[in-house]
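Biologist: I'd like to go through a protein model with you and ask how each label was earned. Can we take it step by step?

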Amino acid sequence: VEDRTYNGQKYRMLNIIDRSKPQLVLSDVVMSGIDGFSLCERVKKNSTLRNIPFVLLTSLDLNLHERSILAGADDYLSKVEDDQVFRMRTRFLLELGTLHAAGAVGSSDVEGSTVYLCSGSTTIQKQMEDQLLPAGIRVHPVSSLTALMQDLQLRMPDVLVLDLDPDQHAALQDCLARLWDLPECADLPVLLLASKGEEARMLPLEGFITDRLLKPLEAQEAPHRLKLLVRLVRARRNARIGNP
């Protein structure tokens, strides 16, 4: 009886998703009659649904994060995540799903993509290179905002990563505002590196940044965040030039 109830609930949820074709699915891990991991696996095995971004809502338990990715989830969100980060992630994941619905699908293959990293910390630079290069993402480090603006005139990266330095907060906000006004930067996702507790400093930057990554950097989290943003920028570019 339990198995029939479980399977019946699972198929009902699949039918709801199939009928409505949402731009984004947010699913709890623990639900009555079904678990989020199993539902995610079913959605990702369905050829007409697999490109819809699927996000699992989890606790901070790292194992749940790992299980989310193994189940095929595009992302996971902690139920106790900061409100600003929750807004930013659901916003860009919803955009990704909307672009998919319009036919502009971003490739999940990140090989050959490039990240510009603006950080004065050689430790951060080394960590990002060590964590991203095995995933096929090249890291181009710059040590100042001035050098970053100069390099952006030569080549546009796939993702821009900025290290939040409390002493340069005003300069960072000014730099982001100038980038926001440049047409060539319209597709560029911006990832902010910040320490826990710096959420208040991020509030004025929310309109300019796409996502946040906590310091100290975790080996699995940085590649995951960057892969999602590379997928987003490719979908944006495909939509702009009209190629699915």
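Biologist: What makes Cys 185 count as buried or exposed?

Modeller: One thing first: this is a predicted model. Cys 185 has a relative accessible area of 9%. Buried means under 20%, so Cys 185 is buried.

Biologist: And which label does Cys 118 get, buried or exposed?

Modeller: Cys 118 comes out at 7% relative accessibility, so the label is buried.

Biologist: How do you know whether Cys 118 and Cys 175 form a bond?

Modeller: Look at the sulfurs. A disulfide is a covalent bond between the sulfur atoms of two cysteines. The cut-off is within 2.5 Å. For Cys 118, the closest cysteine sulfur is in Cys 175, 7.0 Å away, so that is too far for a bond. Cys 185 also has Cys 175 as the owner of its closest cysteine sulfur, but at 9.0 Å, which is too far for a bond. The structure as a whole holds 0 disulfides.

Biologist: On to rings. How many aromatic pairs does a search of the whole structure find?

Modeller: The search finds 1 aromatic pair.

Biologist: Why is the pair of Trp 180 and Phe 208 called what it is?

Modeller: There are two checks. The ring centres of Trp 180 and Phe 208 are 5.8 Å apart, and the limit for a pair is within 6.5 Å. Then the planes stand at 80°, and over 60 counts as edge-to-face. So edge-to-face is the name for this pair.

Biologist: What does the pair tie together?

Modeller: Trp 180 sits in helix H7 (residues 169-180), while Phe 208 sits in the loop between helix H8 (199-202) and strand S10 (211-215). The pair therefore ties together parts that are 28 residues apart in sequence.

Biologist: Which accessibility label does each of those two get?

Modeller: Trp 180 has a relative accessible area of 57%, and exposed means over 50%, so Trp 180 is exposed. Phe 208 has 22%, and partly exposed covers the range between 20% and 50%, so Phe 208 is partly exposed.

Biologist: What makes you say that Arg 225 lies over the face of Tyr 76?

Modeller: Arg 225 is at 5.8 Å from the ring centre of Tyr 76. The distance cut-off is within 6 Å, so Arg 225 passes that part of the test.

Biologist: Now the sheets. What makes S1 and S4 a parallel pair?

Modeller: Strand S4 (residues 54-58) is joined to S1 by 4 bridges, and the two run parallel. Pairing takes at least two bridges, so S1 and S4 pair. You can find Leu 26 opposite Val 55 in S4.

Biologist: Which order do the strands of that sheet have, and why do S1 and S5 stand at the edges?

Modeller: The order is S1-S4-S5, in an open sheet of 3 strands with parallel pairing. Strand S1 (25-28) and strand S5 (75-78) each have a single partner strand, so one side of each is left without a neighbour in the sheet. From one strand to the next, the twist averages 30°.

Biologist: What about the other open sheet, the one with 5 strands?

Modeller: Its order is S7-S6-S8-S9-S10, and the pairing is parallel. Strand S7 (137-142) and S10 are the edge strands here: each has a single partner strand, so one side of each lacks a neighbour in the sheet. The twist averages 25° from one strand to the next.

Biologist: How do you know that S9 pairs with S10?

Modeller: Count the bridges: 5 join S9 to S10, and they run parallel. At least two are needed, so S9 and S10 pair. Ala 194 has Leu 214 in S10 as its bridge partner.

Biologist: Why is S10 called largely enclosed?

Modeller: In S10, 4 of the 5 residues are buried, so the rest of the structure largely encloses this strand.

Biologist: Last one: what is unusual about Lys 21?

Modeller: Lys 21 has a positive phi of about 45°, although it is not a glycine. Most residues other than glycine have a negative phi. You'll find Lys 21 in the loop between helix H1 (2-20) and S1. With 38% relative accessibility, Lys 21 is partly exposed.

Key:
Residues are numbered from 1 along each chain as its sequence is written. This is a predicted model: local features need pLDDT of at least 70, side-chain atom pairs count only at pLDDT 80 or more; totals for chains, interfaces and linings use all residues. Side-chain values use heavy atoms; hydrogens and water are left out. Axes are lines fitted to C-alpha atoms, for helices over the stretch in contact, and angles run from 0 to 180 degrees between N-to-C directions. Buried means under 20% relative accessible area, exposed over 50%, partly exposed in between (1.4 Å probe, protein chains only). Rings of Phe, Tyr and Trp (its six-membered ring) pair if their centres lie within 6.5 Å; planes under 30 degrees apart count as stacked, over 60 as edge-to-face and the rest as tilted. A charge sits over a ring if NZ of Lys or CZ of Arg is within 6 Å of the ring centre and within 35 degrees of the ring normal.
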